[in-house]
Amino acid sequence: MSSFNPEQHLININSKIIASLEKISEVFRVLLQAQAQGHGLSSTQLQLLLFIKYHPAPHQRKAAFMAKEFNVTKATISDSVKALEQKQLIQRITDPQDSRSFILSLTGKGQELAAATENFTMPLDHAVDSLSVDQKEYLLYSVFDLIYRLNQTGIISTQRMCYNCHYYNGNRRDDHYCNLVKQPLTIGDLRLECPEFTKP
């Protein structure tokens, strides 16, 4: 039976968890959509704007990379890029290593809009902040483990997280060690977007 069937929640904990995750994803979607529409953008356009701001590596700011990152087609990214260019929020810079390719960069106007919209998750931030330290750590551990499992099955694209990193050594439960910094990690030390991430 479907996890969307409330009767299934009474007898199946998996269905209850999946339905709960759907509620959380809905919160993010609603907050993102409201912020985007308030500034004349689509949800994808706002996500791209914020992604470009916080991912300085040139290869991450290419259309093909972002299509994979957001699990959408290159055509979808291209449409959003064109719209953001027309709004003068981003600009294309020719890749000095490949003249057929280009890197996306925020304009001054784009920087201002990104700064004005980047905290759209504040209601969710407040809800998480109200949890105890133990609750946060257990939630983080559970979410990281779920992301890792979904990544291993190919549902989520490559994640730059500790569990997928060449430097990680541990059991993904209660033993975490980073061979780059040469020290054990706590649950709170684990990273989802690590700038030093290296594929195994």
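Contact here means heavy atoms within 4.5 Å. With that in hand, here's a quick tour of this predicted model. The protein has eight helices and five strands, and 32% of its 200 residues count as buried. Helix 2 and the open sheet get most of the attention below.

**Overall build**

- Starting at the N terminus, the elements go α-α-α-α-α-β-β-α-α-α-β-β-β.
- Taken along the principal axes, the box filled by the C-alpha atoms is roughly 50 × 45 × 35 Å.
- Accessible surface adds up to about 12,600 Å², and carbon and sulfur atoms own 55% of that.
- If you look at contacts with a separation of 6 or more, 47% of them come from residues 24 or more positions apart.

**Helix 2, inside and out**

- Helix 2 covers residues 13-38, and its length checks out: 26 residues at 1.5 Å a residue should span 38 Å, and the end C-alpha atoms are indeed 38 Å apart. The expected span uses one less than the number of residues, so don't multiply by the full 26.
- On the buried side of the ledger, helix 2 has Ser15, Ala19, Leu31, Leu32, Gln35 and Ala36.
- What covers those buried residues? Helix 1 (6-9), helix 3 (43-54), helix 6 (108-117) and helix 7 (122-129) are among the elements doing so.

**The nonpolar patch**

- Ile13, Ile17, Leu21 and Leu146 make a nonpolar surface patch of about 370 Å².
- Helix 2 is the top contributor to this patch, supplying three residues.
- Leu21 sits in helix 2. Is Leu21 buried or partly exposed? Its relative accessible area is 41%, which falls between the 20% cut-off for buried and the 50% cut-off for exposed, so Leu21 counts as partly exposed.

**The open sheet**

- Three strands make up an open sheet, ordered 3-4-5, with antiparallel pairing.
- Strand 3 (168-170) and strand 5 (183-184) are the edges, because each pairs on one side only.
- As a general reminder, strands of a sheet pair through backbone hydrogen bonds, either parallel or antiparallel.
- How many bridges link strand 3 and strand 4? There are three, in the antiparallel sense, with strand 4 made of residues 176-178.
- For one specific place to look, find Gly170, which has His176 of strand 4 opposite it.

How values were computed:
Residues numbered from 1 in each chain as written. Predicted model: local features only at pLDDT ≥ 70, side-chain atom pairs only at ≥ 80, totals over all residues. Heavy atoms only, no water. Pairing = 2+ DSSP bridges. Helix = DSSP H or I, 4+ residues; strand = E, 2+ residues; numbered from the N terminus. Patch = residues over 30% accessible without salt bridge, like charges linked within 9 Å, V, L, I, M, F, W, Y side chains within 5 Å. Areas by Shrake-Rupley, 256 points an atom, 1.4 Å probe, with all protein chains shown as cover. Salt bridge = Lys/Arg side-chain N within 4 Å of Asp/Glu carboxyl O. Buried < 20%, exposed > 50% of the residue type's maximum accessible area, 1.4 Å probe, protein only.
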